[in-house]
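Please examine the structure below and work through the questions that follow. Each answer builds towards the value or name requested.

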Amino acid sequence: MSTVSEYIDINKEQFKHELFDFLRIPSISTDSDYKNEIKDAANFLLNNLKSLDLDRTELFETDGNPIVYGELITDESKPTVLVYGHYDVQPPDPMDLWETPPFDPKVRDGDIYGRGASDDKGQSFTHVKALEAYQKTDTDFPVNIKFIFEGEEEIGSPNLVPFIKEHKGLLECDMVLISDTAMFAEDTPSITYGLRGLAYMEMEVQGPNRDLHSGVYGGAVDNPANVLCEIIAQLKDDDGVIQIDGFYDDVIELTEEDREAYQKLPFDEEEYKQNLGLKALKGEKGYNTLERTSARPTLDVNGMWSGYQGEGAKTVLPSKAGAKVSMRLVPDQDPKKVAKLFKEHVESIAPDTVTVKVAEHHGGHPAITDLSFYGLQAAADAFEAVYDKEPLFAREGGSIPIVADFQKVLGAQSILMGFGLNSDAIHSPNEKFALKDFYRGIHTSAKFFELLPDYS
């Protein structure tokens, strides 16, 4: 293992340059204008895998963006790890808030700044480089490894689940390794064992057949923007409790053991508020901040639009108003059921002075990994060996819908080995990833592969 570690240390600068090449590719999946860049990012990963002399590397075309696959089978009796990651990224908007261009990565104060640095190019690339360290030093790789990288995670992975179902035999594995989460705090290694699910909705309120003069028609015609606000205001009460009938029916309540575990996590609420620039926090009554952000369901407006938004004044009564709403879900909530309940509830409280349309965008199931799973124990020891600190186990508020699909389709539990931080500004301007954690991530991945056979 010392040879592998030495290779990683010697080649740090090269790894950084390669990651920068990867980050320079604007592989934005939400915008069809970037189809060529999506293919460039897929080919970048494919070429990296091909350079490692694997048993098989292949680019699979889908109805959307391509899937990159690679495998190295060393010994059928050893554990097989399926590494999952995504090479697509969020749009960089708003551009004027970036201190440096989003697709021209820079290092500032020890952090790599650029879109995709933490989500998920930088994190997933650690496992490719860990394998490289074994291959280039002629060190026997301790397990069997398979890679699957997709280019549609940021748009709900519409083609990944069909691919997994169609290629179930190809993807057969003992566990899935994913680095697309965050550590609990800086220099505090953490393993995420639970993720919330997601139901993402859009609603549109239609009033008159055209925008109207607010002086001529105001007071006689219901304003869709006003109605939208009234509907949204009725979705939660003053205690933060969601008012949709049946919403909490399938929620598994936190046990006393769960709540005690949360109390042990090193969380500073004052620092949390200061980091966000807030004077006070607000959430569901009866739960603390960590419980609210990772183990309780939520409902949030993600965007609203209506009427005139240009400079100056325009006395208009808009004909339409719209909003996007996300609901984070916990075990055992079903995103399809919740989406249906949301639609029925909104339609039931909408006045007959407008027409309301509710559409479901995408969703995903929540997921929990068994804390006694041997893969988690190996991951914990790998973290401790590299970070010299015993890792924490925590649930996370975000969603990686494919985790539940891997469990359902492949029967494989996922190990969420995150190297980022919640302060990395993923999905926001000035996304970053600590350079030291990019390097430590490679070391941790290599150590995990070394230790895993001893636990199986």
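Q: Which residue's side chain meets that of Glu347 in a salt bridge?
A: In this predicted model, a salt bridge requires a side-chain nitrogen of Lys or Arg within 4 Å of a carboxyl oxygen of Asp or Glu. The N to O distance here is 2.7 Å. The partner of Glu347 is therefore a residue that satisfies this cut-off, namely Lys343.

Q: How are Glu347 and Lys343 separated in helix 11?
A: Helix 11 spans residues 335-349. Because Glu347 and Lys343 are four residues apart in this helix, their separation is about one helical turn.

Q: Is Lys343 buried, partly exposed or exposed?
A: Buried means under 20% relative accessible area and exposed means over 50%, with partly exposed in between. The relative accessibility of Lys343 is 33%, so Lys343 counts as partly exposed.

Q: Are Glu132 and Lys129 buried or exposed?
A: These two residues lie in helix 4 (residues 121-136), three residues apart. Their side chains meet in a salt bridge with an N to O distance of 2.5 Å. As for accessibility, Glu132 and Lys129 are both buried.

Q: How many residues apart in sequence are the parts that Arg296 and Glu284 tie together?
A: Arg296 and Glu284 form a salt bridge, with their closest N and O atoms 2.8 Å apart. Arg296 lies in the loop between helix 10 (289-294) and strand 12 (300-306), whereas Glu284 lies in the loop between helix 9 (269-276) and helix 10, so the pair ties together parts whose separation in sequence is 12 residues.

Q: How many salt bridges does the structure hold?
A: Side chains of opposite charge can pair when their charged atoms come close. Some residues are linked in a network of salt bridges: Glu186, Asp187, Lys436, Asp437 and Arg440. For the structure, the number of salt bridges is 24.

Q: Which strands are the edge strands of the open sheet with the order 4-5-20?
A: Three strands form this open sheet, and their pairing is antiparallel. Each edge strand pairs on one side only. The edge strands are strand 4 (106-108) and strand 20 (432-434).

Q: Which residue in strand 20 stands opposite Asp111?
A: Strand 5 (residues 111-113) pairs with strand 20 in the antiparallel sense over three bridges. Opposite Asp111, in strand 20, stands Ala434.

Q: At what angle to strand 20 does helix 14 run?
A: Helix 14 comprises residues 435-455. This helix lies across strand 5 and strand 20. With respect to strand 20, helix 14 runs at about 60 degrees.

Conventions: Residues numbered from 1 in each chain as written. Predicted model: local features only at pLDDT ≥ 70, side-chain atom pairs only at ≥ 80, totals over all residues. Heavy atoms only, no water. Buried < 20%, exposed > 50% of the residue type's maximum accessible area, 1.4 Å probe, protein only. Pairing = 2+ DSSP bridges. Contact = heavy atoms within 4.5 Å. Axes fitted to C-alpha atoms, helices over the stretch in contact; angles between N-to-C directions.
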